[in-house]
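Subject: Structure handover

Hi,

Here is the structure I promised to pass on, followed by my notes on it. Have a look at it first, then read on.

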Amino acid sequence: MSTEIIEKLKRAVGPEKVKTDEATLNERRRDWSVTNALADMQGRGAPNPACVVNPKKTEDVVNVVKICNENKALLVPFGLGSGCMKAIHTTPETVLLDMSSMKRVRKIDKKNLIATFEAGIRGADAENAVAKEGMMIGHYPQSIDVSSVGGWVATRASGQFSSAYGSIEDVVMALEVVLPNGEVLETRLTPRAAAGPDLNYLFLGSEGTLGIITTVMFSLRWKAEKREYTAFYAPNMEQGFELQRYIIQSGWTPPVMRQYDTSETKRIFEAHARGDDCLLIMVHEGPKGRVEAEIKECQEIAKDLKCDPAPTEAVAEWLENRNNVHPWETWLEQDIILDTIEMAATWDKIGPIYRNAVASLNKVDGMLNATAHSSHCYRSGINLYFTFAAKASDPLKMEEIYYDCWNRVMEAIIEGGGGISHHHGIGRVRRDYMPAEIGESGVNLLRKLKKILDPNNILNPDILIPHE
Ligand SMILES: Cc1cc2nc3c(=O)[nH]c(=O)nc-3n(C[C@H](O)[C@H](O)[C@H](O)COP(=O)(O)OP(=O)(O)OC[C@H]3O[C@@H](n4cnc5c(N)ncnc54)[C@H](O)[C@@H]3O)c2cc1C
C-alpha cells in the first residue's frame, strides 16, 4: 500500500490513531480460527496489514471509510479477533480498522430497559455495566471475555442462555452503521416497526462486508429472581432430543439446555457419567413461581420419557468452567488437528445428521474424537456443536485433514437438510458452502447487495460470498 494513503489517514483522524509498529500490526493480523493458528505455526501465517487505525468516534470511522473508498483500499473491521471462521486474515494492502478503541458505554436507560454501547466494547464489560444496575443483556457467548458487541452483531452470535433469552438478533434494538461510502445509517429505536424490511438484519451476520457497526443498542432484562438446576440421563441422543422438544414445545424455556452425547458426557462429566447415557443439563431462571413450576413440569416430562434424574452438580460444574478453553496451539503442537462445527436443523432432521456426521468423521485416518452436543433449543428444532480431533501422521497434512473433516460434516448437514451454521458465521471456512445454504439466487442477491453498497469492494471482500 502506498504511504500516501497512510499519510491521508493520519491527517484525517490524527497520527496517534494510525499505528504502523510491528507489534500492533502483528497482533491484529488474524482472528482465532484454527487454520490461522496452524498457518502461523507452519510459518505461512497472514502477513501484517499496512496499518492499524484506532477510531475513537463515529466521525473517525467515516473519515477512514471515505479515504479507503476513494483510494479503493481494502478495509477490514476487527472487533476483538475471537472469530473462528478465518474472516480476518490481512495482507500488506489491508487497512485494519480496530474497533476495540471505541468502547464507551453511551447510555443505560432503566425505564425502557435499553443500553447503548460503542461497538468495540468487550462483551463482559458491557454485561458488567448493566449488571451493576441490576439488569442483564442475557447474551453470554463462551467468548464473552474476548469478543466485542459489534463482533456479536457482525457474526450473528448466540449465547449460552439463548434458549430463553434469544440469540443476538433478539436483543439488538437498533444500530448505527457507517456504510462503505461514508454515509451513517441509524436504525429507529422502537420496540417494533412495520416500516419496510428491518435494516438491522442487513448487518446482522454481515461479517464486516456491508458496513462498519459503530453503535449497538440492546434491549435489556431485569436480573432473574431465582436460578435452579436440573439434569437428566437419556439412553441415546434421539431420546434426549425428544425430552428437549417436549419441554420447549410445552412452553417451558430453561435458558440453558445442553445435551452431550455419550463420548462427551464421559469426557466432560467423568464423575457424573452413567454407562453409555447421554447427559442433559438445564438452568432454570426467572420469577420464583415460574422456576418452580418449570422444574416440576420438566421432571414430569422426563419421567414420562424414561429419562432419569442426574446429579445437578454437573450443571454447577459446567457453569463454573464453561468459559475455560485451551489455545489451539496446545494440540496443534502435538500434530493434532481439531475444531468445532456448529449447525442447526429441525427436530425431524437432527438425529440422522448427528449419526451421519459422526460416522463420516470416524472414517478419517487418525480420528481421535468425533462427538457432539446441543446447546441452543427452539420450538422447531435444535443446534448441534460437533467436535473433531485427529492425529496427523504427517504434520504437513494437517490442513488437508482439517478441510476433509469440515467437508464431511458439511455434506452430512446438507444431505440431511440442516443449516450449515448456527452461530459462528461463514468467513472463509464456510464460504463455498453458501450456495447449498441459500441457493444460487440467494448468493446472487448477496452479490448484488454487496455491489450496490460497496461498489469498490473495499470491505472485507474475500469472505462470506463465494467468488463469481
Ligand atoms: C473460545 C471461543 C468461544 C466462542 N464462543 C462463542 C459462543 O458461545 N457463541 C458465539 O456466537 N460465538 C462464539 N465464538 C466465536 C466469536 O467469539 C464470535 O463470532 C464473536 O461474535 C466475534 O466477536 P469479535 O469481536 O471477536 O469479532 P472479530 O473476530 O474481531 O470479527 C468477526 C467478524 O466481524 C467483523 N466485525 C467485527 N467488528 C465489527 C464491526 N464493529 N462492524 C462490522 N464488522 C465487524 C470482522 O470483520 C469479522 O468478519 C467463540 C470463539 C472463541 C474463540
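**What I found**

Glutamine 259 has serine 374, in β16, as its bridge partner. Before going further: this is a predicted model, where local features need pLDDT of at least 70, side-chain atom pairs count only at pLDDT 80 or more, and totals for chains, interfaces and linings use all residues. Residues are numbered from 1 along each chain as its sequence is written.

A word on names: helices (H or I, at least four residues) and strands (E, at least two) are DSSP runs, numbered from the N terminus. Two strands pair if DSSP finds at least two bridges between them.

**Around β13**

That glutamine pair belongs to β13 (residues 256-260) and β16 (residues 367-374), which pair in the antiparallel sense over two bridges. β13 also pairs with β14 (residues 278-286), again antiparallel, over five bridges. There, arginine 258 sits opposite isoleucine 281 of β14. β16 in turn pairs with β18 (residues 381-391) over six bridges in the antiparallel sense, and threonine 371 stands opposite threonine 387 in β18.

How many residues of β13 are buried? Five of its five are, so to speak of it as mostly covered is fair (buried: 20 or more other C-beta atoms within 10 Å of the residue's own; exposed: 12 or fewer; partly exposed: in between; C-beta atoms placed from the backbone). Val256, Arg258 and Tyr260 point one way from the strand, and Met257 and Gln259 point the other way.

**The five-strand sheet**

Next is an open sheet with antiparallel pairing and the strand order β5-β6-β10-β8-β9. Its edges are β5 (105-109) and β9 (184-186), which each have a single partner strand, so one side of each is left without a neighbour in the sheet. On average, neighbouring strands here are turned by 10° against each other, direction ignored (axes are lines fitted to C-alpha atoms, for helices over the stretch in contact, and angles run from 0 to 180 degrees between N-to-C directions). β5 and β6 (residues 114-118) run antiparallel and are joined by four bridges; in one of the pairs, valine 105 has phenylalanine 117 of β6 as its bridge partner.

Helix α4 (residues 58-70) packs on this sheet, touching β8 (172-178), β9 and β10 (212-219) (contact: C-beta atoms, placed from the backbone, within 7 Å). The direction of α4 makes about 45° with that of β8.

**The four-strand sheet**

α4 also lies across β2, β3 and β4 (94-98), running at about 165° to β4. Those strands are part of an open sheet of four, in the order β1-β2-β4-β3 and with mixed pairing. β1 (18-19) and β3 are the edge strands, each pairing on one side only. Two bridges join β1 to β2 (residues 51-53), and these two run antiparallel. Valine 18 stands opposite valine 53 in β2.

**Helix α5**

Which residues of α5 (residues 123-131) are buried? They are Gly123, Ala126, Glu127 and Val130. These cover an arc of only 95° around the axis, which puts them on the same side of α5 (the arc is that of the directions from the helix axis to the C-beta atoms). Their cover includes β5, β6, β7 (135-136) and α6 (149-155).

**The ligand**

α6 comes up again here: with five residues, α6 gives the most to the shell around the ligand. β3 (74-78), α6 and β10 each supply at least two residues of that shell. Of the 35 residues around the ligand, Gly79, Gly83, Gly150, Gly151 and Gly208 come nearest (near: C-beta atom, placed from the backbone, within 6 Å).

**Two odd backbone angles**

Lysine 72, in the loop between α4 and β3, has a positive phi of about 50° although it is not a glycine. Is lysine 72 buried or exposed? Lysine 72 counts as exposed, with 12 C-beta neighbours inside 10 Å. Asparagine 460, in the segment after α17 (434-453), also has a positive phi, near 30°, and is a residue other than glycine. Asparagine 460 is buried, with 26 other C-beta atoms within 10 Å.

**Domains**

Finally, the domain assignment, automatic or from a database, gives domain 1 (3-101), domain 2 (105-222), domain 3 (226-321), domain 4 (329-429) and domain 5 (430-468). The centres of domain 1 and domain 3, taken over C-alpha atoms, are 43 Å apart.

Cheers

Terms used:
Contact = placed C-beta atoms within 7 Å.
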